[in-house]
Structures are given as C-alpha cells and as structure tokens.
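Welcome, and please open the structure in your viewer. We will go from one selection to the next, and at each stop you will hear what is there.

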Amino acid sequence: MAKRNNERNAGDLRNLPREESDCPDFAAKGAEASHLPAHQGELFDLSPPPWEILDEGPITVATVVFSEAPYGPYDYSVGTSHRSLEPGMRVKVPLGNRRQPMLGWCTKVQTEANSNRKLRAISDVIDDQPLCDDSLVRLVLWMSHYYQAPAGQVFDTLIPSSVRSLAGTRETIYYSPGHDAKNAETINSLPVKQKAALLSLIRANQPLSTAQLMLDAQCSQDPIKRLLNKGLIHAESRRELSGQSLNRWRLDDGEAERKLQLTEDQRNALKRIVDAIDSDSQKTFLLHGVTGSGKTEVYIRAIEHVVRFGRGAIVLVPEISLTPQTRGRFERRFKSVAVLHSQMTPAERHFQWQRIRQGDVQVVVGPRSAVFAPFPRLGVIILDEEHDSSFKQDTQPRYHARKVAHARAKSLGIPLILGSATPSLESWQAADSGFADLISLSGRVNTLPMPDVQLVDLRLKEDRTNGAISRPLHQAIQATLKERGQIMLLLNRRGFATSIQCPACGHVVVCPDCDLSLTHHRDGSKAVCHYCDYTIGTPPWCPSCRFEGIRFGGLGTQKLEVEIQNRFPEARIARMDSDTMRKPGSHQKVLSNFRSGEIDILLGTQMIAKGLDFPNVLLVGVINADSALHFPDFRAAERTFQLVTQVAGRTGRGNRSGRVVVQTFTPEHPAIQAASRHDYLKFAKDELINRKRFHYPPFGNVARIIIRGPDEKMTEIVSQSIAKRLESARTTLGFEVRILGPAPPPLTRLRGKYRFHILLQSTNANQLGETIRVGTDQFKVPDNSEIQFVVDIDPIDML
C-alpha cells in the first residue's frame with residue numbers, strides 16, 4: 001500500500017483523499033547476512049517480502065476502496081496473474097496486520113513508469129467481469145465526494161447484495177473432449193456407453209452439462225466419470241443462474257388496453273423530448289402536467305423512440321406508486337420489461353439484474369435504486385412523481401435519486417425527464433432559472449374537467465360529528481353510493497389509535513427505546529412503535545396505576561375502517577396500508593377487485609394517493625389535511641399541498657365528473673387554499689418568497705449532521721466538539737456558512753440512541769461541503785462510546 005496526498009479540490013472528482021497506511025516495514029537489510037560463509041545455508045529467509053521489492057521498471061497499480069473502516073483508497077501492485085483486473089471489480093487484498101485478506105472494490109488501474117514505490121500485491125480478483133462499467137465507477141466516486149460517504153459503501157449500494165452473493169445460482173459442471181478424444185482407435189476401444197457419451201460430446205462441438213450429456217447419450221453418470229478418469233474428457237465448473245419465472249410478476253389489475261390519441265400539448269412535449277434524444281445532447285426536462293394530463297403516455301412514446309435505436313430506458317417511480325397498474329402499462333407496450341420492487345426475492349432481483357446487464361431488457365421500472373440499473377446502452381432516464389420524498393435514501397449513503405439521475409444522465413449525454421403534477425420547488429426553480437426546460441400539460445386528456453374541491457372547516461360544530469367523518473363528507477359518500485360510484489378515503493396514519501393513555505393518572509404507554517407513544521393495532525391486539533417495531537400486547541389496564549378504563553386516542557386507518565363499516569353497512573370496503581399489503585400479490589388482488597367494481601370504498605394511507613387511475617371514482621375524501629402541515633420542517637406546507645393535490649387527482653378521470661372533500665382545521669392556510677383550486681403556480685410563487693427570505697432550498701443549500709449514542713451527556717459533548725471543529729473550519733476557509741446547534745431534534749431518542757443534530761446552511765454548495773470535510777477530517781469519537789455521527793447532504797427529513 002502507498003499513502004496518497006489528500007486532494008482538496010472539490011471540482012476534481014477523479015482523485016479522492018488517501019488514508020495513512022498502517023503497514024509495518026519488514027524490509028530486511030542485506031548486510032545482516034553478509035557474515036555467513038558462502039557455502040553455509042541460511043537458517044531464516046532474510047529476503048524482503050515480494051510486495052516490498054523495489055521495481056525499477058513500470059508497474060501496474062490498482063486503487064482499492066473498502067466498505068468498512070479503514071475505507072481507503074489504497075494503492076496495490078497488480079501481479080501478472082491478475083492483469084485482467086479492471087475498475088468495478090472486487091478484489092481481496094492484504095491490509096495492515098489482518099490475517100485474512102480484506103474484500104474491496106477496484107476504482108482505478110494504471111501503469112506507473114520507473115516506479116520505486118513499496119506496494120503490497122493484490123491477493124485475488126473475485127469477479128471475471130466488472131460489476132460496474134466506467135461510467136458507473138465515475139458515478140460512485142462523484143456520490144462518495146458529494147454525499148461524503150465511503151466509496152466502498154456506495155459500491156455496495158449500487159450492486160445489490162443479491163448480485164454480490166450470487167443469489168439463485170448454482171455450480172454446474174460442463175464437459176468437453178480431451179486432446180486424444182478424437183482418435184478413432186481410442187474411441188472404438190471404449191465400452192458402448194462410454195463411446196456413446198464421448199461421441200455425443202464431440203458432435204455437440206460445445207461444452208455440455210452433466211444433465212445435457214446424459215440425455216443426449218442416453219447414459220448414466222458412471223460412463224462420464226470413467227471417461228473423466230481416463231483423461232478423455234475435461235470438466236470445468238461454472239456458476240449459473242437457476243431458472244426464474246417472470247410470470248409471478250406479470251400481473252396487472254385488469255385495466256383494459258386503450259389506443260390513445262395524443263393531445264396537442266402531448267405532441268409538443270414528445271417532439272421536444274425526441275429532438276433532444278436525436279441530437280445526442282444532455283437536457284433536463286421538467287414535465288409539469290396536472291393529474292390526468294397523460295404524462296405516462298408521453299413517457300412511453302419517448303421510450304418507444306429510444307428502443308428503436310437499441311437503447312434502454314430507466315423509469316423511476318416511488319415504491320408506493322409501483323402498482324400493478326403502473327407495471328401493466330409498460331409491460332403491455334414493451335416486450336422486455338424488468339420491474340424491480342421490494343417484494344422480489346434475492347434470486348429474482350439477481351436474475352433481473354443479469355438480464356439488464358446483458359442487454360436483454362428494454363425498460364427498467366423501479367424505485368430509487370433502479371437509477372443504478374447496469375444498462376450497456378442507456379438512452380433516457382425518467383423520474384415520475386419526481387417530487388416524492390421516497391427518492392431520498394435515509395441510510396448511508398444518503399443520496400437523492402433525482403440528483404444522482406441528473407449526474408448519470410449528464411455523464412452519458414442523455415435526456416433526463418422529471419415529471420409531476422406538483423414539482424418540487426427545487427426542480428421548479430431550476431426550470432425558471434434555465435437549468436431545465438419546462439414542458440407544460442395544462443389540461444386533462446379528453447378535456448375532462450378538474451374535480452371540484454370542498455373544504456370542510458372542522459372548527460365549526462355544525463360540520464363535526466362524533467367520529468372522523470364530517471357531515472358534508474357523510475352526505476357526499478351517501479350520494480356517491482347511490483350513483484353507483486366508487487370512493488377513496490385518505491388518512492395518512494395506520495393502526496387503530498395513535499396513543500394509549502390512562503385518564504386517571506395520565507400515564508402514556510411509550511416505546512422504551514424511542515420515548516414515543518405506541519400505536520394500538522386492533523388486529524392482534526398489539527401496541528407497536530412505528531419507528532423501531534417494538535411490539536407488546538395492548539395493556540388491558542394502566543401499567544402504572546392499574547386503572548382499567550385506559551383510553552385509546554387518535555385516529556388510524558383501522559379505526560376509520562370500523563367507522564365506515566358502521567355508517568355504511570351495505571358498502572363493500574377495503575383498506576390499503578402497509579399492514580394489509582405485506583403479502584406478495586396483495587396489491588393486485590385489492591386493486592383488481594376495485595377496478596372490477598367489487599369494492600365500493602377504498603381507504604388507506606398515501607399509497608392510494610399516487611399511481612392509480614380508476615374512471616369510476618367519483619369522490620375522494622381527505623380525512624385530515626393537517627396531519628403533516630404543522631411539522632417543524634420548512635417543507636411541511638409543500639408536502640401538504642402535494643399530498644392533497646395528488647389524492648384529489650384520483651377522481652373525475654372517467655365520463656362522470658368527480659368531487660373532493662377535504663377536512664381541515666386550517667382551511668385558510670395558503671397550501672390548502674392553493675390545493676383546493678389546483679393552483680400550483682400560486683402556491684409555488686408564494687412559497688418561493690418565503691424560502692428566499694430564509695435562504696432555504698432552492699435558494700440555499702442545507703446539510704445536517706446527526707450525532708447519536710446510548711449516553712445522552714457523552715453524545716452532547718461529542719456533538720459540541722464537532723460543532724467547534726466546523727466553526728474552526730469555516731473560519732480557516734473563510735466561507736459563509738451558517739451553523740446552527742447542536743440541539744436535540746424533534747425526535748430526541750430513537751432505537752435506544754439519544755440524538756443531537758447540527759444544521760448548516762450556505763448559498764454555495766461547494767463551500768458547505770468543504771466546510772464539513774475539513775471540520776470532520778480525522779475526527780474520531782471516544783473509544784467504546786458507541787457514538788456515531790452521520791452527514792446528510794440535502795436532507796429531506798428534519799425530524
């Protein structure tokens with residue numbers, strides 16, 4: 001290994017900081033053995049180890065990074081037996097005083113002329129071919145730099161664990177004829193079965209597996225083994241994917257295929273996208289279209305154009321939008337589609353990954369991780385519902401798929417399409433500033449009207465009832481059922497009751513690891529923490545004072561379901577949330593029944609707000625529009641506007657007009673007012689004024705450092721130490737960076753760890769990132785403290 005100088009140039013992402021080498025020097029001195037007689041053998045071998053022999057000629061050097069500390073990168077020499085090594089392959093290398101070689105990723109291979117560096121040699125090369133091509137390796141290094149995550153961890157994120165572990169593969173033995181196998185005298189001297197097996201192998205003119213050879217020669221394994229022992233055939237072992245059935249996922253929800261005629265807006269949008277594809281120029285398009293305006297059809301037509309030239313397309317959608325309907329629309333239009341989602345087994349995921357890598361797939365549809373799909377020839381990347389917060393990963397590396405997609409599209413020189421009815425303000429401002437091209441779809445397909453939205457003020461007694469359903473919403477449900485229409489009800493809280501409290505002593509049943517109230521789930525009579533999954537049986541009395549009249553407060557989807565059943569006993573009801581949708585195929589079953597008219601009322605969390613198109617839905621009810629409006633987060637108003645607008649767009653998509661009833665305690669709030677009028681432009685204009693005033697994104701950049709540990713006092717001390725280092729780095733660099741904290745976040749304790757966070761703001765992203773790099777460089781937490789700190793660039797979750 002060799003130490004490299006630390007590169008501080010934020011603009012050059014090809015070279016990243018090198019760590020200090022911890023290898024001891026075992027070089028032996030030749031003079032120590034000079035007193036030995038020439039005829040006497042040496043008791044010990046005093047020659048230097050091979051990795052410290054000074055090469056005066058050119059040597060091949062590989063740069064290696066690790067997913068565990070020390071993360072590297074380190075340089076190693078490449079021996080003649082490993083000259084096939086390329087960037088993107090995994091290797092095993094010696095590291096420090098470790099007895100076993102460590103698994104790492106190769107990021108660069110280069111030849112150094114007249115090098116006299118002392119380098120340890122690579123022990124083994126794991127892969128026959130790179131798991132990442134050159135463009136993906138560059139993407140890894142960019143992500144490592146921008147998101148301040150070890151490059152080895154980024155590699156592990158790009159390459160699924162199912163691929164790294166070869167899930168769904170098995171060892172298969174293949175046989176081929178030996179050098180003397182075609183000698184006629186030798187063949188004729190063999191017993192009948194051995195002769196038949198050998199002739200079958202010669203005629204095949206290619207290696208055959210044991211099963212293939214047994215079938216072709218009509219023999220057992222014994223003649224094959226005897227030929228192998230005689231040296232007449234050779235055997236080689238290959239690891240192959242076992243057969244996988246794609247039919248398990250080729251199920252839609254019964255939507256009939258329709259031949260659609262493009263509207264004028266759609267034709268203009270498609271022309272601009274196709275022109276960019278044909279010109280081989282990198283452009284970013286923001287496709288802003290109201291719900292039901294036909295954005296998906298524009299995506300599909302653009303992909304059809306790309307596929308004609310033998311290229312592939314990536315379509316990213318939020319996990320909750322990856323419904324059977326979404327999958328079916330692409331699978332009906334393209335002969336080879338790979339759909340990636342969380343319910344796939346590791347073997348299925350590996351099978352699809354290999355299909356993509358070999359160029360057998362035209363379109364990949366999946367959540368944020370699909371942005372790394374290893375297409376040999378990628379032609380376009382599409383982000384549908386680009387505003388959705390699920391595109392941001394909440395574990396290391398904390399990347400945002402939209403930013404990564406832009407980096408990959410720019411590297412390959414291909415178009416990037418961002419589509420949404422409610423674009424993120426970052427994307428909207430990028431279009432307004434000229435960094436993206438805005439394409440508008442201002443009306444619905446077939447000139448359908450936008451649904452009417454009625455705001456119900458829950459502060460008025462005449463509108464309230466004893467339950468979750470207000471009088472106006474109750475009346476609207478009754479009228480819709482009489483018209484034989486269907487209804488969707490949104491409540492973004494799962495469970496039955498969100499708190500369990502004793503009215504006698506005030507005791508609240510909380511999670512011992514998170515200090516948050518447990519949610520009562522009626523099915524199974526259990527109380528669950530929705531952050532760490534801590535579960536207990538629902539207490540029948542107060543755990544503190546033993547009072548039996550314990551109270552269940554708050555509202556969840558299970559409680560709403562009970563109320564709907566009691567109010568409308570003749571209606572057929574289904575619930576969609578993460579509790580009911582755990583089994584594979586559960587989405588298909590519920591949505592197919594809803595489309596066929598077997599379900600009258602579909603209620604659920606935000607998973608019913610996106611990716612669904614049912615023409616017979618005449619009413620959408622939002623039970624509580626304020627659920628996220630008052631969170632301590634500068635994006636709270638934006639999220640509320642997006643959620644209400646998106647769920648409102650599920651109605652009025654057929655021949656009959658739809659309506660929306662929104663229940664709220666703050667109907668005068670600008671976000672709810674704008675959503676009720678479907679007025680994105682007004683909302684964006686007002687919200688951007690507020691963002692600009694406080695330098696929040698998109699007019700500034702934000703980073704967050706979370707410090708967590710089991711001891712509250714020690715965690716606070718470490719967070720204060722990091723804050724001081726950041727302030728010192730800011731002063732040294734002379735950058736304008738605002739540093740807030742450390743302070744406890746809204747969720748002060750999670751999973752048994754106390755938490756503190758530091759917020760950093762700057763109008764310059766490079767200055768912000770460099771301040772954190774310098775401030776945290778070489779910082780180490782106290783030994784045995786179990787304290788961790790995590791850097792989150794462009795955070796979405798501020799809790």
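The tour begins with the whole chain and then visits two groups of strands.

**Before you click**

This is a predicted model, in which local features need pLDDT of at least 70 and side-chain atom pairs count only at pLDDT 80 or more, while totals for chains, interfaces and linings use all residues. Residues are numbered from 1 along each chain as its sequence is written, and side-chain values use heavy atoms, with hydrogens and water left out.

**Stop 1: the whole protein chain**

Select everything and show the C-alpha trace, which spans about 110 × 75 × 65 Å along its principal axes. Switch to a cartoon: the chain has 21 helices and 31 strands. Both are DSSP runs numbered from the N terminus, helices being H or I over at least four residues and strands E over at least two.

Now turn on the surface. The accessible area is about 37,600 Å², and 48% of that belongs to carbon and sulfur atoms; the method is Shrake-Rupley with a 1.4 Å probe, and for residues only the protein chains shown count as cover. Of the 799 residues, 50% count as buried, meaning under 20% relative accessible area (1.4 Å probe, protein chains only).

**Stop 2: strand 13**

Select residues 378–384, which form strand 13. Are its residues buried or exposed? Strand 13 is mostly covered, with seven of its seven residues buried.

Add residues 312–316: this is strand 10, which pairs with strand 13 in the parallel sense over five bridges. Two strands count as paired if DSSP finds at least two bridges between them. Show valine 315 as sticks, and you will find isoleucine 382 of strand 13 opposite.

Next add residues 416–420, strand 14, another parallel partner of strand 13, this time over four bridges. Here isoleucine 381 stands opposite leucine 416 of strand 14.

**Stop 3: a three-stranded sheet**

Move on to the open sheet with the strand order 19-20-21, where the pairing is antiparallel. Which strands stand at the edges? They are strand 19 (519–521) and strand 21 (535–537); each has a single partner strand, so one side of each is left without a neighbour in the sheet. From one strand to the next, the twist averages 30°.

Finish with residues 526–528, strand 20, which pairs with strand 21 in the antiparallel sense over three bridges. Pick lysine 526 and look across to glycine 537 in strand 21, which stands opposite.

How values were computed: Axes fitted to C-alpha atoms, helices over the stretch in contact; angles between N-to-C directions.
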